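The following exercises concern the fold of one protein chain and one of its sheets. Please inspect the sequence and the structure before working through the solutions.

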Amino acid sequence: MNPKLPYILLSGAAMVIFILSCVLLSRGRRSPSCETQPRIVEKMGSTSQSLVFADLTPEEMVQVVRYLQGNLGVQLVDASRAKPSDNCIASVDVQVPAKAAVLQFLDGGGARPPREALAVLYFGNQPDPNVTEYVVGPLPTPRYHRDVTVQKYGGKVPYHRRPMLGSEYEQVGAFLETVAFAAAPTFLKEVFEYDGTNMAFQTTAPNGLRSGDRKSWLMVFQNVSGFFVHPVGLEVLVDHSSLDISQWAVSRVFYNGQYYRDMVQLESAYVQGRIRVEKVRKAPRDGDFSSMKPRAPSAALFPLQYEPQGPRYSVRNNHVLFQAWSFAFGMSVSTGLRLFDIQHKGERVAYEISVQEAMSVYGSNCPGGMSTRYMDGSFGIGRYTSPLVRGVDCPYSATYVDTHSLSETLSPSKRKASLCIFEQNLGSPLRRHYSNLQSFYYGGLVNSALVVRSIATVGNYDYVWDFVFYQSGAIEGKVQATGYISSSFLHGDGLRYGNRVWEHTLGTIHTHSVNYKVDLDVGGVKNSLVAHDMAFEMTRAPWSPEQQIERPRLTKKVLDTEDQAAFRLQSKMPRYIYFAANSKNKWGHQRGYRIQITSFAGDHIPETSSMERAISWARYQLAVTRRKEEEPTSTSIYNQNDPWTPTVAFADFINNETITNEDLVAWITAGFLHIPHSEDIPNTVTVGNSVGFLLRPYNYHDLDPSIYSHDGVFFTSEQDFMACDINPIACLPKTASCLPNFPPFTYDGFQNM
């Protein structure tokens, strides 16, 4: 054995250890943090001008409340503690100025319109109880108020039409527990093991069957997580029409397919053994099958999106800039997310895009389910906008915006991180071509778009509201539905009205309908509505006259009147329908923006229904009308509780007026039919439950505006596609090999509940 061999082996081993150590250390070295680069944002619009649309600040809300308390000559009770017989402030929101005044300010150098608030008050403590709306201004120091109720609605708003306050729900719940339930102690104890805490209830709407009613079916559930899918078979009809709570009464009771006069009769029938009892297994507090707690442990982290050089958009106050786009945003208490003054390349394409209403019509063989027609604007889509969870509701690195509201209280409330804005790589090309004929090249553009999002949780459903801005000049409005289904107790012929989703749970059939207001201003305020479509024509082949060819040709029609522009829900609509400007593009075509609707709507309630006029906007997939200041919304918060005498009937907007070369508004309805199924347990997924619309440029530009995007990729077979100046994608390992600066996770959704 060579005496030097051990030393040689030791030296070799030491060298191997050294090399491995270097490799491991290099692998463990932390990448540098991503650094924000100067943003490439075209300068458009003014952030200070956009404040003309801004939501009220908390300070302004406080000033409005103080003014009303000191200048109406009546005592105003905090709505959170108000009885029906009290006077209170239901809500305070911004009063958006008239469009003409705003445009004169934005475009004509005119004065800024006075800043005003709209206050909704309930006057229950007076000889003629009613709901009154006041415009209060100017802000920030109010000096006047004017009653606009008659001007807006043609008369006073009767008190029974008022949306229910949270305090009234609490009072109805207390009545159920202390008065109604007290009349059937044996039944409740032996059938439900009722202990005063283990029952929850959900109310129906509208409150009754005819104008003037205020009667609500209270559907009783086990009080567990996800209680919406734990019905017990008991429903109680409470008449709470009297302003004196002591006069409230039970009008009817329903249990397991049978109706009773009241809880006393139910108790008597049970004690005498004349009731068929269906025992429901007691669920644990976490709800068991309805729990949203994951059934699997955490594993590999899901993919994350980040911005290696910082966000490429800016948010200042209520104003957003993104590449060629600029717009203002806001949050209405009743209707939620809305946008104003949407501009592309410095030119306004829309004055307003806003949610108007979200409605559901239910079927069931239980009284609560069969009488439910929820109109969520009455409850408050904006009011129930929920705090967003970073990394789930929106990308982790999104910009999160706090919103403020004053509803059912004398003090403003803050909803932290209730709106998010982010740029999203959609993972597919916006456009591309690979050429292997004649010339050899690749050209493409990543589909990266800006998203503005809020999520409203109205009772059992969660609605994800998005407005999306594409580099092609298109705008998308869409809503995705998730949350819990509403259910009925399965009995009798229940399977005619849905699917069984658990032992005693019937997932009840229902429709979802969402209405949007789209005030397009294409190349100016004055537009016309034009329809393009196709038809086949037969012709002889010019080069072979004995042969016939069927070829598609373009059909064109100007829709001159509102009646022509009102397309019923299930009717055939022209596939290309667009707002046409008075100007033309380089190729001689009228510049336009096309409306393209994505919808799988169920059938509309029959027009013979006594309540149909209250939701007549849902008759139409699209209706285009002249824009009028006196027709600001397609519905009213007062329609929910008196749909039989609607405060606003959209059908009245359509009266065959000329719509050629006028300021026009498109009212768009999208929806889907939901037949709940077992996969809706524990709750509904967003996949397949997304509807909305696209606004797409149609001859608006001379060519696709995205060709000017900084994100474009192009290289030929003769170029070095590994060179950064030729192909920036090739250098991503260098330009994007940084660690994102993720802020710490926070959540304030359980504060001030």
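Two strands are taken to pair if DSSP finds at least two bridges between them. The model examined here is predicted.

**Exercise 1.** Determine which residue stands opposite N499, and how many bridges join β23 to β24.

Solution. Begin with the strands: β23 covers residues 498-502, and β24 covers residues 505-508. These two strands run antiparallel and are joined by 4 bridges. Within this pairing, N499 stands opposite G507 in β24.

**Exercise 2.** State the strand order of the sheet that holds β22, β23 and β24, and identify the strands at its edges.

Solution. First, the order is β22-β24-β23, in an open sheet of 3 strands with antiparallel pairing. Next, β22 (487-489) and β23 (498-502) each have a single partner strand, so they stand at the edges and one side of each lacks a neighbour in the sheet. Finally, from one strand to the next, the twist averages 40 degrees.

**Exercise 3.** Assess how compact the chain is for its length.

Solution. Start with the inventory: the chain contains 10 helices and 34 strands. Its radius of gyration is 30 Å, close to the 27 Å given by the globule rule for 753 residues, so the chain is as compact as a globular protein of that length. The C-alpha trace spans about 100 × 90 × 75 Å along its principal axes.

**Exercise 4.** Describe the burial, contacts and surface of the chain.

Solution. Of the 753 residues, 52% are buried. Among contacts between residues at least 6 apart in sequence, 67% join residues at least 24 apart. The accessible surface comes to about 35,100 Å², and carbon and sulfur atoms account for 54% of it.

Definitions and conventions
Residues are numbered from 1 along each chain as its sequence is written. This is a predicted model: local features need pLDDT of at least 70, side-chain atom pairs count only at pLDDT 80 or more; totals for chains, interfaces and linings use all residues. Side-chain values use heavy atoms; hydrogens and water are left out. Axes are lines fitted to C-alpha atoms, for helices over the stretch in contact, and angles run from 0 to 180 degrees between N-to-C directions. The radius of gyration is taken over C-alpha atoms; the globule rule is 2.2 Å times the number of residues to the power 0.38. Buried means under 20% relative accessible area, exposed over 50%, partly exposed in between (1.4 Å probe, protein chains only). Contact means heavy atoms within 4.5 Å. Accessible areas come from the Shrake-Rupley method with a 1.4 Å probe; for residues, only the protein chains shown count as cover.
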